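Thank you all for coming this morning. I would like to walk you through one protein structure, slowly enough that anyone new to the subject can follow along on the screen.

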Amino acid sequence: MNTNLNQVATIVSKQFNPPRSHIVTGFDLPLRQILYLPHRRLYDGVVEVSTNYKTNYDMTLLVALAFVAICCQGMVKVEKPRGGASPVSLMILILADSGTRKSALVKALFKVVKGVQRDLLDEFEDANRNYTRKHEAWKEIGKALKAKLRKGVIQGNDINDIEIELEAHLANEPDKPLKPKFLYEDITGPGLWKSMLDSVRSVAVVSSEASAGFDKWLQQDLCNFNNANDGEPIDIARAGDGTYEIQATLTFLLMLQPGVFDDFLRKSKSDLRSLGLWARFLVCRPESLAGIRFDNGAEQSSRFLEAIHERGRELLYYSYKVMCGKAKKLEVCFDGDAKQLWLEIYNEIESQQRPGNYFEGMKDNASKMMDIISRVAACIHLFEDYEGDISVDTLISAREICFHSADYFLSQFVHPPEVVSDAIAINNYLNRHYRAFGHRIARKSEVRNGIGIKGLRKAARFDPALFQLKSEGVVKEIYQKNYGRKGTSFIDLSPLLPPYNGMIEGYWEYV
């Protein structure tokens, strides 16, 4: 990393994001990018895929993180500075309209996962045939020992040695190989858990059009869903065969059209947010690029995407060895400086939950934020193949990604007071009809009559909303005196700039 980036890292690490203004952040987010992402393998790959497929950068980054998580989660846990280890699985919610190329994006990044599954399937089938032979032999030996034990009991002989031999034999049952099934699409919760009884226990559920059945799954199987995210055991009932407990790890990439998700939230019989579900998610509701995705005919490179695929392939093969008991599971932790920064970020998040601060309306998301940041940091650290422990630079990147997601979470789940919504609507109107054309001054009456939102033209709603804009420094109000007549009110759209001669004719003053 060059000196400039190190300087940026130092500045960012010391200055926590200030409380966002309702109006500046808004609930109508502009297209933003995570600029501070110096990790070359991930950053270059995301930029290349976003450019080639002409997809929103934010959406591409989160889909890439889901890919990284499924590659890493079977082989590693992250140790947090205050104790406790978490899996590195991620929950990601992307709300994007049809035509934003969600399916193409998933196909491009996740095809290597399907390729590894196919490659490992041949190895699995050989191992499964060998297991079947060994297990049959194991059962026959068990039958013979049981028969020997039964005969000894009937004849009144000493059976102590036979019992010891049978106990050792039962404890030496051959391990059944796990089917290399890492990726599931459009599957129900019960179907997923039952499939995992015979397959690897670290999986991803990915769907680019997950509009059918996900609501029932989340509402009816919430306990297992949360346990899988936390790395806790899951109880699975198999018909006629009792209940099994498995240790599962789940990455969930849920990609929905915004209208489908909004309808689900309205119709949902249970408040999944209050039950802690959505707080676990990294959220993105990107702007559509439809209409500006022009192709200049330039040759497209895929070398950075290939580098991502190659690293993902390495990690998946190692993860499968870990899950089959042939390799040791890793555990990563933060280095000394990163631990100190981790605590500073934690304390800042806590302070931002006070009334009037950024996390006031999303304390649920704030409570999970450090865990999510730790997971993202561990994923980046392992995927980039960094040596040693997680560094400050990596932690900063993870924090920036997660806080950017928090902006989307705020816009999706935290509904502002009416006065704030009205202020945002007025500001958006000023952006479209005045600032976009270089105008600094707008007549207040023209803005009020032209805004076109029912009820907002009335002074009882318009004036408090304008006052909200003024209080946040977005605009200033100007009163022009007309002697002998009623004065005229104007709005200064650039209050930080100094006034100039002739800005408004006659005598006027800020009010």
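I will begin with the chain as a whole, then go to a sheet and its strands, and finish with the nonpolar cores, a helix and some salt bridges.

Please keep in mind throughout that this is a predicted model. The protein chain has 17 helices and 14 strands, and of its 511 residues, 49% are buried. The accessible surface comes to about 25,700 Å², and carbon and sulfur atoms account for 49% of that surface. If we take the contacts with a separation of 6 or more, 74% of them are between residues 24 or more positions apart.

Let us now turn to the sheet. It is an open sheet of five strands, paired in the parallel sense, and the order of the strands is β4-β5-β8-β3-β9. At the edges we find β4, residues 183-184, and β9, residues 281-284, each of which pairs on one side only.

Which residues of strand β8 are buried on its two faces? On one side they are T249, T251, L253 and M255, and on the other side they are L250, F252, L254 and L256. For those of you meeting strands for the first time, side chains in a regular strand alternate between the two faces of the sheet. Strand β8 covers residues 249-256, and because eight of its eight residues are buried, the strand is largely enclosed by the rest of the structure.

Strand β8 also has its pairing partners, and we can look at them in turn. With strand β5, residues 202-207, it runs parallel and is joined by six bridges, and in this pairing A204 stands opposite T251. With β3 the pairing is again in the parallel sense, over five bridges. Within that pairing, the bridge partner of I92 is L253, while L95 stands opposite L256.

I would like to pause on one residue of β3, namely M91, which lies in that strand at residues 91-95. Is M91 buried or exposed? Its relative accessible area is 2%, and because the cut-off for buried is under 20%, M91 counts as buried. Leaving aside neighbours within four places in sequence, M91 is in contact with F225, N229, L250, F252, R280, F281 and L282. The C-alpha atoms of M91 and T251 are separated by 5.7 Å, although these two residues are 160 residues apart along the chain.

From here we can move to the nonpolar cores. As a general background, nonpolar side chains in soluble globular proteins tend to be buried together. In this model the largest nonpolar core has 114 residues, and the members that touch the most others are F110 and W278. Helix α4, residues 57-72, gives the most to this core, with 14 residues. Apart from that core lies another one, of 18 residues, including A423, A425, A465 and L466.

F110 comes up a second time when we look at helix α5, residues 102-155, since the helix bends by about 50° at F110. Just after α5 comes G156, which takes a positive phi of about 75°.

My last topic is the salt bridges, of which the structure holds 21, and I have picked a few to show you. In one of them E314 is joined to R311, with the closest N and O atoms 3.0 Å apart. Where do these two residues sit relative to each other? They are three residues apart in helix α11, residues 303-323, and therefore about one helical turn separates them. E314 is partly exposed, at 42% relative accessible area, whereas R311 is buried, at 9%.

Another salt bridge links the side chains of R375 and D371, at 2.9 Å from N to O. These residues are four apart in helix α13, residues 363-383, which is about one turn of the helix, and both of them are buried. It helps to recall that an α-helix has 3.6 residues a turn, so residues three or four places apart point the same way.

The final example is the salt bridge between the side chains of K470 and E477, at 3.0 Å from N to O. Here K470 is partly exposed, with 24% relative accessibility, while E477 is buried, with 10%. Through salt bridges that share partners, K444, D463, K470 and E477 are joined into one network.

Methods: Residues numbered from 1 in each chain as written. Predicted model: local features only at pLDDT ≥ 70, side-chain atom pairs only at ≥ 80, totals over all residues. Heavy atoms only, no water. Buried < 20%, exposed > 50% of the residue type's maximum accessible area, 1.4 Å probe, protein only. Contact = heavy atoms within 4.5 Å. Salt bridge = Lys/Arg side-chain N within 4 Å of Asp/Glu carboxyl O. Areas by Shrake-Rupley, 256 points an atom, 1.4 Å probe, with all protein chains shown as cover. Pairing = 2+ DSSP bridges. Core = buried A, V, L, I, M, F, W, Y, C linked by side-chain atoms within 4.5 Å. Bend = angle between axes of the 7 residues up to and from the residue.
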